[in-house]
Amino acid sequence: MLFGDDHVKRYEETDGEVGYEWLKGSKILVLTTTGRKSGEPRKSALIFGEHGGHYVVVASKGGAPEHPDWYKNLVAQPEVRVQVKADRFPARARTATGEERSALWATMVHEWPDYDDYQRKTEREIPVVVLERLS
């Protein structure tokens, strides 16, 4: 099973033929953010869902007390790059709030039921991120 940098590498090398389908039927995209301190590209393989023509990801970090670095990066610089299989494109990331967040949370729990467990493990509200294609 692929994880972390190895997952990203194999996904990119094969245009998602290896790494798109993951555990429990989940689907993976590669998100590239800009490091908020380094200014360097940072890549993450993330479970995603779809809603209203946009891709949706969850900044769970397995229920850790702090947000994942990729989320901190996109808060600092919301212009990101996304790869879904062979489709690569620029996007703008935004954090869903209120009713939209609630609806998207339900969508994402359907994609990865463990998100509810992760939320119970932490006091922070786990962010739900909408990736809006720019081109």
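A polar contact is taken here as a pair of N or O atoms within 3.5 Å; within protein, one must be able to donate a hydrogen and the other to accept it, and residues adjacent in sequence count only if both atoms are side-chain atoms. The model is predicted, so local features need pLDDT of at least 70 and side-chain atom pairs count only at pLDDT 80 or more, while totals for chains, interfaces and linings use all residues. Residues are numbered from 1 along each chain as its sequence is written, and side-chain values use heavy atoms, with hydrogens and water left out.

A good place to begin is H7, in helix α1 (helices are DSSP runs of H or I of at least four residues, strands runs of E of at least two, numbered from the N terminus). The side chain of H7 reaches the backbone oxygen of G19 at 2.8 Å, and a polar atom of that side chain lies 3.4 Å from the backbone oxygen of L2. H7 has a relative accessible area of 2% and is therefore buried (under 20%, with exposed over 50% and partly exposed in between; 1.4 Å probe, protein chains only). Beyond four places in sequence, its contacts (heavy atoms within 4.5 Å) are L2, G19, W22, I28 and A45.

V8 also belongs to helix α1. With a relative accessible area of 6%, V8 is buried. Residues up to four places away aside, V8 touches V30, K43, S44 and A45. Between V8 and I28, 20 residues apart in sequence, the C-alpha to C-alpha separation is 9.7 Å.
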